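Me: Could you take a close look at one part of this chain for me? I'd like to hear what sits around one buried polar residue, and then how the rest of the fold is put together.

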Amino acid sequence: MKIDKIQGQGSSNTNQSKAHPSSNFADVLNSELGSVNLSNHASKRLESRGINLNSQDISRMNDAMEKLSKKGSKESLVLMDNKAFVVNPNSKTIITAVSQDSLKDNIFTNIDSAIIL
């Protein structure tokens with residue numbers, strides 16, 4: 001996954017490598033996500049499953065996590081645009097991500113809430 005797809009701000013990768021010369025992919029991605037964190041597992045899943053999150057997606061995810069947190073959710077399923085994310089709203093962390101291709105017959109366990117965006 002390319003960082004410029006996540007940003008949606010038109011920045012080039014050259015600027016990214018200068019801004020984060022010694023960071024790994026997850027560190028760079030987390031810094032670009034702002035208030036939403038990404039676990040290492042989720043980072044690998046996003047990359048391997050070709051799931052791209054733009055700035056609007058991140059904003060929607062952030063809003064969803066705030067709503068879930070206010071309801072006392074601890075681990076939640078977020079369904080957004082035919083993709084599924086398991087998140088910890090209190091730490092604003094995406095734990096894993098599932099693409100549309102992998103959603104069928106997938107069972108989500110250990111969640112206490114869900115939100116459909």
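Reply: Setting aside neighbours within four places in sequence, Asn62 is in contact with Ser35, Val36 and Lys92. Keep in mind that this is a predicted model. Asn62 belongs to helix α5, and it counts as buried because its relative accessibility is 14%, under the 20% cut-off.

Helix α5 also matters for the nonpolar core, so to speak: the largest one in the chain has 18 residues, and α5 gives the largest share of it, five residues. At least two residues each come from α4 (40-48), α5 (55-70), β2, β3 (83-88) and β4 (93-98). The residues with the most contacts inside this core are Leu46, Leu53, Met61, Val78, Phe85, Val87 and Ile94.

Phe85 is a handy one to click on. Beyond its neighbours within four places in sequence, Phe85 is in contact with Leu46, Ile51, Leu53, Met61, Ser76, Leu77, Val78, Met80, Ile94, Thr96 and Ala97.

Leu46 takes us over to α4. Its buried residues are Ala42, Ser43 and Leu46. These cover an arc of only 105° around the axis, which means they sit on the same side of α4. That fits the usual helix geometry: with 3.6 residues a turn, residues three or four places apart point the same way. Turn to the other side of α4 and you find Asn40, Lys44 and Ser48 exposed. Just past the end of α4, Gly50 has a positive phi of about 65°.

Now for the strands. β2 (residues 76-80) pairs with β5 in the parallel sense, over four bridges, and Leu77 stands opposite Ala114 of β5. Along β5 (residues 113-116) the side chains alternate. Ser113 and Ile115 point to one face and are buried, whereas Ala114 and Ile116 point to the other face and are not.

Zooming out, the chain has six helices and five strands, and along the sequence they follow the pattern α-α-α-β-α-α-β-β-β-α-β. Of the 117 residues, 37% are buried. Among contacts between residues at least 6 apart in sequence, 55% join residues at least 24 apart. The accessible surface comes to about 6700 Å², with 44% of that belonging to carbon and sulfur atoms.

Definitions and conventions. Residues are numbered from 1 along each chain as its sequence is written. This is a predicted model: local features need pLDDT of at least 70, side-chain atom pairs count only at pLDDT 80 or more; totals for chains, interfaces and linings use all residues. Side-chain values use heavy atoms; hydrogens and water are left out. Buried means under 20% relative accessible area, exposed over 50%, partly exposed in between (1.4 Å probe, protein chains only). Two strands pair if DSSP finds at least two bridges between them. A nonpolar core is a set of buried Ala, Val, Leu, Ile, Met, Phe, Trp, Tyr and Cys residues joined through side-chain atoms within 4.5 Å. Contact means heavy atoms within 4.5 Å. Accessible areas come from the Shrake-Rupley method with a 1.4 Å probe; for residues, only the protein chains shown count as cover. The arc is that of the directions from the helix axis to the C-beta atoms.
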